[in-house]
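Dear colleague,

Please find below the structure that I am handing over to you. My findings follow directly after it.

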Amino acid sequence: MHEAGLARGVARGLRERGLSPAQVRLAVRGGHHDPREFEAELRAHLTAEMPGDAAAVASMEIRRAVFGHLCPRCGVEFETERVAPVCPACGVDTVAEITDEIVEIELLAAVR
Ligand SMILES: [Zn+2]
């Protein structure tokens, strides 16, 4: 499953850099299904990958970053962190630039 692969990548990234989940937050861009479901799945898979860090994974911040959308009717391009938004100009369903979620690790020390 997509979320399992992403969780494996995050766990590997943390291990390679010697980081604990408590030291980072995740930034998610893209997607085409319910963000809350996605985050719950990602957290569950990450807990399975890092059982010793279950508490830190449970309280880990997962934020949504903006990504691009295109309106197939009027051609408007815009950015939002929302999944499956309608066109702000004409209200039809838009096409997402990123349909499968991308997850990036952000160091909390580097965040203002
Ligand atoms: Zn439009």
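**Contacts of F38 and the nonpolar core**

Leaving aside neighbours within four places in sequence, F38 is in contact with H2, E3, L6, V28, H33, R64, E101 and V103. Please bear in mind throughout that this is a predicted model.

F38 is also among the residues with the most contacts inside the largest nonpolar core, together with V10, L14, L26, L42, L46 and V103. That core has 17 residues. At least two of its residues are supplied by each of α1, β1 and α2, and the largest share, five residues, comes from α1.

**Overall layout**

The protein has three helices and six strands, which follow one another along the sequence in the pattern α-β-α-α-β-β-β-β-β. Taken along the principal axes, its C-alpha atoms fill a box of roughly 50 × 30 × 20 Å. Of its 112 residues, 38% count as buried. Among contacts with a separation of 6 or more, 64% are accounted for by residues 24 or more positions apart.

**Helix α1**

Helix α1 covers residues 2–16. Does its length agree with the expected span, or disagree? At 1.5 Å a residue, its 15 residues should span 21 Å, and the C-alpha atoms at its ends are 21 Å apart, so the two values agree.

The buried residues of α1 are E3, A4, L6, A7, V10, A11, G13 and L14. An α-helix has 3.6 residues a turn, so residues three or four places apart point the same way. The buried residues of α1 pack against three elements, namely β1 (24–29), α2 (35–49) and β6 (102–107). Just after α1, G18 takes a positive phi of about 65 degrees.

**A residue of helix α2**

Helix α2 also contains A44. With a relative accessible area of 47%, A44 is partly exposed, because that value lies between the limits of 20% for buried and 50% for exposed. A44 is 25 residues from L19 in sequence, and their C-alpha atoms are 19 Å apart in space.

**The zinc site**

Which atoms coordinate the zinc ion? They are the SG atoms of C71, C74, C87 and C90, at 2.2 to 2.3 Å. Along the chain, these donors follow the spacing C-x2-C-x12-C-x2-C.

The angles subtended by the four donor atoms around the zinc ion run from 103 to 123 degrees. The arrangement is therefore tetrahedral, since four donors count as such if all angles lie between 85 and 135 degrees.

Two of the coordinating residues can be described by their accessibility. C71 counts as buried because its relative accessibility is 1%, whereas C74, at 37%, counts as partly exposed.

**The three-stranded sheet**

Three strands form an open sheet in the order β4-β3-β5, with antiparallel pairing. Its edge strands are β4 (77–80) and β5 (95–96), each of which pairs on one side only.

Strand β3, residues 67–70, pairs with β4 in the antiparallel sense over four bridges. In β4, T80 is the bridge partner of F67, and F78 is the bridge partner of H69. The pairing of β3 with β5 is likewise antiparallel and runs over two bridges. In β5, the bridge partner of H69 is A96. H69 thus has a bridge partner in β4 and another in β5.

The hairpin of β3 and β4 has six residues between the strands, and within this hairpin G75 takes a positive phi near 80 degrees.

**The loop between β4 and β5**

A84 lies in the loop between β4 and β5. Although A84 is not a glycine, it has a positive phi of about 55 degrees. Is A84 buried or exposed? Its relative accessible area is 57%, so A84 counts as exposed, the limit for that class being over 50%.

**Points to inspect**

When you open the model, the following places may serve as starting points: the contacts of F38, the zinc ion with its four SG donors C71, C74, C87 and C90, and the positive phi of A84.

With kind regards

Methods:
Residues numbered from 1 in each chain as written. Predicted model: local features only at pLDDT ≥ 70, side-chain atom pairs only at ≥ 80, totals over all residues. Heavy atoms only, no water. Expected span 1.5 Å × (residues − 1). Buried < 20%, exposed > 50% of the residue type's maximum accessible area, 1.4 Å probe, protein only. Contact = heavy atoms within 4.5 Å. Donors = N, O, S within 2.8 Å, 3.2 Å for Na, K, Ca; no water. Tetrahedral: all angles 85-135°; square planar, octahedral: opposite > 155°, others 65-115°. Pairing = 2+ DSSP bridges. Core = buried A, V, L, I, M, F, W, Y, C linked by side-chain atoms within 4.5 Å.
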